[in-house]
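Trainee: Please pick one part of this model and go through it closely. I would like to know what it is made of and what it touches.

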Amino acid sequence: MKSTPTSSTMKDAAEHTSVQASTPAPKSAVTSPRKQLKVREDESPWTADELAGVKAELETDVARLGSELAGIEHEIADLIGDSGDGAGDDQADAGSKSFEREHEFSLAQNSREMLEQSQHALDRIADGTYGICESCGKPIGKLRLQAFPRATLCMQCKQKQERR
């Protein structure tokens, strides 16, 4: 069973990431992972600027998703609190409230998954495994990662996964 982070964990992750973003990294930390990152044969190696751009986008996503998730969780708490105040509500009102709660739960789950994916991508950049397909071990492709920085699978493996 997959564990889901709590809002305090998300806030900690967002705060940790924003602290990292505001603290300048040593020159070797920026260039070191770039040398280790795999690219396809038809692509040029990652430049420091390209990697910094992807990393900045991911860090922005982590901060945005963390605050978005906190807002959604607040909405859910309000909806759950309102569910007990249904005295005099007809079945349509009760159904509408239930639908709203389920919708907010769905939004929260989607935000959690995207937050986890963004944080995972940042972790992979830090440990030098960013750009390597988690299924086959081949390079994902720099252009794919610039378009979708949270990608963990190359196009072939992703297509296989979607066919299942």
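**A close look at helix 4**

Mentor: In helix 4, the buried residues are R101, E104, A108, S111, R112, L115, S118, A121, L122, R124 and I125. The model is a predicted one, and the values below are computed from it. Helix 4 covers residues 91–127, which makes 37 residues. At 1.5 Å a residue it should span 54 Å, and its end C-alpha atoms are 54 Å apart, so the expected and the computed span agree. Just after the helix comes G128, with a positive phi of about 85°.

Some background on the whole chain helps here. It has 6 helices and 0 strands, so the order of elements from the N terminus on is α-α-α-α-α-α. Of its 164 residues, 30% are buried. Among contacts with a separation of 6 or more, 63% join residues 24 or more positions apart.

Now take one residue of helix 4, S118. Its relative accessibility is 0%, and because buried means under 20%, S118 counts as buried. What does S118 touch, leaving aside its neighbours within four places in sequence? It is in contact with L58, D61, V62, L65 and R150. Helix 3 takes in residues 48–83, and L58, D61, V62 and L65 fall in that range.

From the side of helix 3, K55 is a useful residue. Not counting residues up to four places away in sequence, K55 touches L122 and I125, and both of these are on the list of buried residues in helix 4. K55 itself has a relative accessible area of 33%, which is why it is called partly exposed. Its C-alpha atom is also 8.4 Å from that of P149, although the two residues are 94 places apart in sequence.

I125 leads on to the largest nonpolar core, which has 19 residues. The members that touch the most other members are W46, V54, L58, I125, Y130, C133 and L145. Helix 3 and helix 4 are the elements that give two or more residues to this core. Helix 3 supplies the largest share, 5 residues. With neighbours within four places set aside, L145 is in contact with W46, Y130, G131, I140 and A151. C133 can be placed against the last helix: its C-alpha atom is 9.1 Å from that of M155, 22 residues away along the chain. M155 lies in helix 6, residues 155–163, and counts as partly exposed because its relative accessibility is 43%.

Finally, look at the second largest pocket, with about 180 Å³ of space. Its lining consists of Q117, R144, F148, R150, A151, T152, L153, K158 and Q161. By class, that is 3 nonpolar, 3 polar and 3 charged residues. Q117 falls within residues 91–127, the range of helix 4. Two other lining residues have come up already: R150 is in contact with S118, and A151 is in contact with L145.

Notes:
Residues numbered from 1 in each chain as written. Predicted model: local features only at pLDDT ≥ 70, side-chain atom pairs only at ≥ 80, totals over all residues. Heavy atoms only, no water. 1 Å grid on protein atoms, 1.4 Å probe; cavity = no way out; pocket = protein on both sides within 12 Å on 5 of 7 lines; lining within 4 Å. Points joined across faces, edges and corners; volume = space filled by probe spheres on them. Nonpolar A, V, L, I, M, F, W, Y, C, P; charged D, E, K, R; others polar. Helix = DSSP H or I, 4+ residues; strand = E, 2+ residues; numbered from the N terminus. Expected span 1.5 Å × (residues − 1). Buried < 20%, exposed > 50% of the residue type's maximum accessible area, 1.4 Å probe, protein only. Core = buried A, V, L, I, M, F, W, Y, C linked by side-chain atoms within 4.5 Å. Contact = heavy atoms within 4.5 Å.
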